[in-house]
Each structure stands twice: as structure tokens, then as C-alpha cells.
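Here are my notes on the model, set out as numbered points. Please read them alongside the sequence and the coordinates.

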Amino acid sequence: MRIDLHVHSTASDGTLSPTALVEEAYAHGVAALALTDHDTMDGVDEARRAADRLGIEFIAGVELNTDSPAGEVHVLGYYIPTDDTWFQRFLANRRRAREVRAHKIVDRLHGLGYPIEFADVERAAANGAIGRPHIARALVEAGYMSSVREAFERLLHRDGPAYVKRESLTPTEAVQAIVRTGGVPVLAHPGRMSDQSIIPELIEAGLAGLECYYPEHSPEQTEHYIAMARMHDLVVTGGTDYHGPNAPQVRRIGSVFVPAAAPRELAARRRRTA
Ligand code: AMP
Ligand code: MN
Ligand code: MN
Ligand code: MN
């Protein structure tokens with residue numbers, strides 16, 4: 001039985017609609033799926049309908065991008081209630097911060113000789129939560145770059161000339177927000193984090209799981225985080241971070257091992273924290 005607890009749709013920077021994404025999961029034998037778009041749950045209702053139709057277990061999730069002094073930290077939230085106005089307003093604020101930042105990046109691009117318009121970025125985002133991939137797609141569309149990957153490598157990566165920091169949210173604040181709304185916070189791809197020393201503070205704040213299984217984790221990293229999870233009574237989770245068939249991240253939905261017990265164990269944490 002395949003499980004994927006980390007995927008993105010057109011509600012953020014994925015390239016498949018929520019329905020098409022769930023159909024893709026079904027076609028690859030995925031039996032349980034969590035939608036984890038960046039800073040939005042706008043795809044959840046549509047994805048849930050498609051999952052119900054196809055008999056896939058569906059988990060409403062989200063991925064919050066946060067900043068620590070040493071770099072980005074991403075926090076996943078699972079079993080998020082969709083009717084909490086406080087949390088929805090929190091997400092709307094994060095999306096507004098994304099828009100402000102995208103405007104600043106577009107300004108930088110003008111100065112660098114790539115005069116795309118904010119409207120081009122909005123068109124690429126198609127009402128989804130705006131991110132750098134949409135700016136990259138607008139640059140490709142305008143003929144300035146040959147691929148999204150090239151746009152990141154030359155302009156948009158963290159140390160790139162067009163990079164702008166977003167209005168910051170700390171990892172601890174993200175964990176607390178997910179706990180407050182009754183969801184289950186999980187640290188995304190810990191192997192990609194440059195500063196590991198923040199993990200104890202996140203556990204203190206209510207972190208419930210670690211994304212041990214991830215395409216970019218080495219077997220040693222996976223083992224390391226499984227041991228850490230065992231030591232701190234955290235749920236071992238995993239996912240592909242699938243962004244669609246044409247995304248720069250080349251991977252298939254459902255192609256990472258995830259323990260069969262993960263959805264049930266996450267659900268149990270929700271009861272404990274709610
Ligand atoms: P943002 O949310 O605006 O900070 O953009 C981050 C998103 O860009 C990530 O969630 C990935 O989907 C994508 N991304 C990050 N780094 C790269 C890269 N080097 N090449 C292509 N896509 C990337
Ligand atoms: Mn993304
Ligand atoms: Mn991430
Ligand atoms: Mn992701």
C-alpha cells in the first residue's frame with residue numbers, strides 16, 4: 001500500500017489541479033494522500049471530493065515556510081480543520097506576505113534587466129499562493145530563461161541576485177499555530193535544514209512528527225531521523241514533495257516509502273493535542 005504525505009497542487013506551486021493530483025495518486029496505487037500546499041488549504045475541498053470518489057484516504061494538510069537564522073525551515077501540518085477562521089486568517093496573512101515579497105522580487109528583476117510584470121506572475125500563479133516557482137515560470141514564459149531550474153540557478157535561489165526574504169515567521173511560531181488550530185505539526189525534510197539545533201525547541205512547542213522518508217535524504221539521514229523520532233516519541237512520516245509531472249523536482253507521486261501506520265499515528269496525536 002502506497003502512502004504519500006507531502007504533495008503540492010495548483011493551489012500553491014504544483015502544476016496539477018487538486019483533482020488531477022488525486023487522480024495521479026490513484027493511478028500510481030496511492031491509498032492514502034495528504035495535500036500539503038504552501039500556506040493555503042484552498043485545494044483541500046476539491047482534493048477530498050476526488051479522493052472520496054476514488055476511495056483514497058485523504059488528509060487535509062499544509063506546509064508553512066519559516067525562517068530561522070541559519071536558513072529555511074518548513075513545517076507540515078496534518079488533520080487541519082478547514083473551518084477555523086483564526087487559522088484561515090493566519091494563512092491569508094502568510095499569502096499576503098508572499099505577494100509583497102513577489103512584488104519586491106519583480107522590482108529586483110527589472111533592475112537586473114528582466115522586466116516581467118507582476119501581472120505575469122499572477123497569471124502563472126492562477127489564484128494560487130504565489131511563490132518563486134511562479135516568478136520562474138513567468139521568466140520562462142517571457143523568454144528570459146529556458147527553464148524554471150535555470151531561473152532558480154541564475155536568479156532566484158537563496159543567494160541569488162533577485163532573492164528577497166519573506167516576512168518572517170519562526171519555526172516555533174508555525175508549530176504553535178498548527179497546534180492551536182488542532183492540527184498535527186511535523187518537521188518537513190529535516191535533512192535539508194542547515195541548522196539542526198532548533199529541533200529540541202520545536203519538540204518543546206509540540207512537534208509531533210519527523211519527515212524521515214524524503215527523496216533527498218540519504219539512507220544514513222533517514223536512519224538518523226528515525227532514531228531521533230524514537231528517542232523523542234515522534235511519528236515517523238514521509239512523502240515525495242511531488243509538484244507535478246513538469247516540475248523541476250523529478251519524482252513520482254507515492255514513490256517514497258512511508259510506514260503504513262503513519263496516518264493512524266498522526267491522527268492519534270491530533271486527539272492528544274486538540
Ligand atoms: P517560495 O515558497 O516562494 O520560497 O519558493 C520555494 C519553492 O520553490 C519550493 O517550495 C520549491 O517548490 C521551489 N524551489 C526551490 N528551490 C528550487 C530550485 N533550485 N529549482 C526549482 N524549484 C525550486
Ligand atoms: Mn514548492
Ligand atoms: Mn518544503
Ligand atoms: Mn513541499
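Are Asp 13 and His 243 buried or exposed?

1. Asp 13 is buried, and His 243 is buried as well. This is a predicted model, and the points below should be read with that in mind.

2. Asp 13 and His 243 both serve as protein donors to the manganese ion (ligand 2). Asp 13 contributes OD atoms and is listed twice, while His 38 and His 243 each contribute NE2. These protein donors lie 2.2 to 2.8 Å from the ion. In sequence, the spacing of the donor residues reads D-x24-H-x204-H. Asp 13 sits in the loop between β1 (2–7) and α1 (18–27), and His 243 in the loop between β7 (235–238) and α10 (262–273), so the reader will find distant parts of the chain linked here, 230 residues apart.

3. The geometry at the manganese ion (ligand 2) is irregular, with angles of 51 to 156° among its six donor atoms. For reference, ideal angles for six octahedral donors are 90 or 180 degrees. The site does not count as octahedral, because that label requires opposite donors over 155 degrees apart and all other angles between 65 and 115. A second manganese ion (ligand 4) lies 4.8 Å from the manganese ion (ligand 2).

4. Ligand 1 has 13 residues around it, and those that come nearest are His 38, Arg 101, Arg 132, Arg 166 and His 243. Two of the metal donors also approach ligand 1 through side-chain N or O atoms: Asp 13 at 3.0 Å from a ligand oxygen, and His 243 at 2.9 Å. The side chain of Arg 98 likewise places an N or O atom 3.0 Å from an oxygen of ligand 1. On its own, ligand 1 has 500 Å² of accessible area, of which the protein covers 80%.

5. The salt bridges come to twelve. One of them joins the side chains of Arg 166 and Asp 67, at 3.9 Å from N to O. Arg 166 lies in the loop between α6 (148–156) and α7 (171–180) and Asp 67 in strand β3 (residues 57–68), so this pair ties together parts 99 residues apart in sequence. Arg 166 and Asp 67 are both buried.

6. Glu 72 and Arg 158 form another salt bridge, with their closest N and O atoms 3.9 Å apart. Glu 72 belongs to strand β4 (residues 71–78) and Arg 158 to the loop between α6 and α7, a link across 86 residues. Arg 158 is partly exposed, its relative accessible area being 34%.

7. Arg 269 and Asp 233 also form a salt bridge, the closest N and O atoms being 3.3 Å apart. Because Arg 269 is in helix α10 and Asp 233 in the loop between α9 (219–232) and β7, the pair ties together parts 36 residues apart in sequence. Arg 269 counts as buried at 13% relative accessibility, whereas Asp 233 is partly exposed at 47%. Elsewhere, salt bridges that share partners join Asp 67, Glu 72, Arg 132, Arg 158 and Arg 166 into one network.

8. What does the side chain of His 74 make a polar contact with? His 189 is one partner, at 3.3 Å, and Asn 65 is another, at 3.2 Å between side chains. His 74 is found in strand β4 and is buried, with a relative accessible area of 8%.

Conventions:
Residues are numbered from 1 along each chain as its sequence is written. Chains are lettered from A and ligands numbered from 1 in the order in which they are written. This is a predicted model: local features need pLDDT of at least 70, side-chain atom pairs count only at pLDDT 80 or more; totals for chains, interfaces and linings use all residues. Side-chain values use heavy atoms; hydrogens and water are left out. Donors are N, O and S atoms within 2.8 Å of the metal (3.2 Å for Na, K and Ca); water is not among the atoms, so sites may look incomplete. Four donors count as tetrahedral if all angles lie between 85 and 135 degrees; four count as square planar and six as octahedral if opposite donors are over 155 degrees apart and all others between 65 and 115; anything else is irregular. Helices (H or I, at least four residues) and strands (E, at least two) are DSSP runs, numbered from the N terminus. Buried means under 20% relative accessible area, exposed over 50%, partly exposed in between (1.4 Å probe, protein chains only). A residue is near a molecule or strand if one of its heavy atoms lies within 4 Å of it. A polar contact is a pair of N or O atoms within 3.5 Å; within protein, one must be able to donate a hydrogen and the other to accept it, and residues adjacent in sequence count only if both atoms are side-chain atoms. Accessible areas come from the Shrake-Rupley method with a 1.4 Å probe; for residues, only the protein chains shown count as cover. A salt bridge is a side-chain nitrogen of Lys or Arg within 4 Å of a carboxyl oxygen of Asp or Glu.
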